[in-house]
Structures are given as C-alpha cells and as structure tokens.
Amino acid sequence: MLNDLVSLFYPRNCVCCHQTLNKGEQDCCVMCLTELPRTNFSNFDDNPVAKLFWGRIELTFGFSVYHFEKGGKLQSLMHSLKYKGKTQIGEFLGRAIGNELNNSGKASKIDLILPIPLHPKKERLRGYNQSDYLAKGIHEVTAIPYASNVVRRTMHTTSQTRKAKFDRWKNVSSIFEIHKPEQVNGKRILVVDDVTTTGSTLESCARELLNHQAAAVAVTVVASSV
Ligand SMILES: [Zn+2]
C-alpha cells in the first residue's frame, strides 16, 4: 500500500529504458532483463574469460555473466551502479553471478568471496565500492561469506597509460596488499570485479592472494569484453 502510494507520486523508472517500472520490478524492467547479453561462460571451463589467464596464473575457474557492449543496456546498469549511487543494482547483478555459481556447481568450490577494492581515495569520492555490493548479492544466493578490507589497493593506476610497458606490468603486479593474511590462509577464494578486459587487475589480486597461502583462487565478473 505504502509502496503503491510512493510509486504514484514518484514513479520508478527502468535504469536501462527509462520506462515506468511495473509492480514487482526493481531497477530494471523484465523486458530489458531478458535482453541483457548473457555469456553462458560459467558452464565451460575453457571459456574466453578463463582463457585470459592460461599461461599466466592457475585459477580454479573464471567467468563473466554478461558480454560488455558499448552503448548497450548493461552499460546503463553499470553506469548507474558506479556513478549514480544505485548500489541495489550491484546486489542484483551479484545475485545473477550467485545463481550461475549455484547452477554450475561452482559455489561448493569457494570458501570466501573478496571484492576487488578501489583505491581508498577513489572510494572516498564515490562513497562506496560497487564490488562490495556484487559480493553481497552473491552471498545472498549462495550463503558463501564475503569480506571487504582483507585486500587493499595500494596505489592509483590512472597514470599507467603514460608509463612504459615493463613499468606498467610492475605497477599492476603491486597494486594490492593483503591486509588480513590470516583470513586468506588455506581458503579457496573467489575474487569479484565489475568488468574485465585484459584480466590483469584480477591476475594481480589473485597472485597476491596465492602469495599469502590462499588454497586456490577463482575469478568472476559481471561483464567481459572478450
Ligand atoms: Zn527497461
């Protein structure tokens, strides 16, 4: 009743198509949801996201739920999550990842979910880390615990483009530090991020976790451009 009144005076709109949402719809309308480009990668060990890491680092598995398309509906969702404070979209997308973990049997291979941290300065500006909400959403459907603050980001990566290739590699390999190593030791960890293109940020974080005696590391993202 109260919700009906609220939506009468403040109509809620789909973050993708901006049409008024129907009762029971949250953030994104059913029509747009069915149009989001799913990858189906979680059902294949040799999917393009997993293959990004072959020959670089050994992971339990890797997958994305959606294809990242410039100007597509998913980009609107991600934009609202990152820049408009719509953290509930993060939970919603996290639940999509969690459902794939459950359906593919991969959830049983994970003890702890760790969201990729933002640089503290960036997080202060934004007010939150969108990946924390992805982790929360995954937890809601898989019941796997998650923890922020176990991994920390040590430096900005924005100036990387101006550096030489070798320096850039050095930078990426040292952008994370393990703040609470006792929480990593012996655990099978799932690292979560919103988007990946080359896999280097995830690789760097996974490497740091394995250096701190994680039993195994897997990675998952909402969207990939591969
Ligand atoms: Zn829509």
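Trainee: How do the residues of the lining of the second largest pocket divide into nonpolar, polar and charged?

Mentor: Rolling a probe the size of a water molecule over the atoms shows where empty space is left. In this predicted model, the lining of the second largest pocket divides into 8 nonpolar, 3 polar and 4 charged residues. The pocket has a volume of about 210 Å³, and of the 15 residues that line it, Pro117, Glu123, Asn149, Val151 and Arg152 lie nearest its centre.

Trainee: Which elements give two or more residues to the lining of the second largest pocket?

Mentor: They are strand 2 (112–115), helix 6 (120–126) and strand 3 (151–153). The largest share of the lining comes from strand 3, which gives 3 residues.

Trainee: In what order do the strands of the open sheet stand, and is the pairing parallel or antiparallel?

Mentor: Strands of a sheet pair through backbone hydrogen bonds, either parallel or antiparallel. Here 4 strands form an open sheet in the order 1-6-5-2, and the pairing is parallel. Strand 1 (62–67) and strand 2 stand at the edges with a single partner strand each, so one side of each is left without a neighbour in the sheet. On average, and with direction ignored, neighbouring strands of this sheet are turned by 20° against each other.

Trainee: How many bridges join strand 5 to strand 6, and over how many do strand 1 and strand 6 pair?

Mentor: Strand 5 (residues 188–196) runs parallel to strand 6 and is joined to it by 8 bridges; one position to look at is Thr196, which stands opposite Ser224 in strand 6. Strand 1 and strand 6 pair in the parallel sense over 5 bridges, and there Gly62 has Val219 in strand 6 as its bridge partner.

Trainee: Which strands does helix 4 touch where it packs on the sheet, and which strands does helix 7 lie across?

Mentor: Helix 4 (residues 73–83) touches strand 1, strand 5 and strand 6, and its direction makes about 110° with that of strand 6. Helix 7 (residues 130–142) lies across strand 2, strand 5 and strand 6, and it runs at about 125° to strand 5.

Trainee: Why is strand 1 described as largely enclosed by the rest of the structure?

Mentor: The reasoning rests on a cut-off, because a residue counts as buried when its relative accessible area is under 20%. In strand 1, 5 of the 6 residues are buried, so this strand is largely enclosed by the rest of the structure.

Trainee: Is Thr220 buried or exposed, and which residues does it touch?

Mentor: Thr220, which lies in strand 6 (residues 216–224), counts as buried because its relative accessibility is 1%. Leaving aside residues up to four places away in sequence, Thr220 touches Phe63, Ile97, Leu190, Val191, Val192 and Asp193.

Trainee: Where does Leu93 lie, and what does it touch?

Mentor: Leu93 lies in helix 5 (residues 87–103) and is buried, with a relative accessible area of 1%. With residues up to four places away in sequence not counted, Leu93 touches Tyr66, Leu74, Leu77, Met78, Leu81, Leu134 and Val222. The C-alpha atoms of Leu93 and Lys136 are separated by 10.0 Å, while the two residues are 43 residues apart along the chain.

Trainee: Where does Ile175 lie, and is it buried or exposed?

Mentor: Ile175 lies in the loop between helix 8 (165–172) and strand 4 (176–178), and with a relative accessible area of 1% it is buried. Its C-alpha atom and that of Arg153 are separated by 5.6 Å, although Ile175 and Arg153 are 22 residues apart along the chain.

Notes:
Residues numbered from 1 in each chain as written. Predicted model: local features only at pLDDT ≥ 70, side-chain atom pairs only at ≥ 80, totals over all residues. Heavy atoms only, no water. 1 Å grid on protein atoms, 1.4 Å probe; cavity = no way out; pocket = protein on both sides within 12 Å on 5 of 7 lines; lining within 4 Å. Points joined across faces, edges and corners; volume = space filled by probe spheres on them. Nonpolar A, V, L, I, M, F, W, Y, C, P; charged D, E, K, R; others polar. Buried < 20%, exposed > 50% of the residue type's maximum accessible area, 1.4 Å probe, protein only. Contact = heavy atoms within 4.5 Å. Pairing = 2+ DSSP bridges. Axes fitted to C-alpha atoms, helices over the stretch in contact; angles between N-to-C directions.
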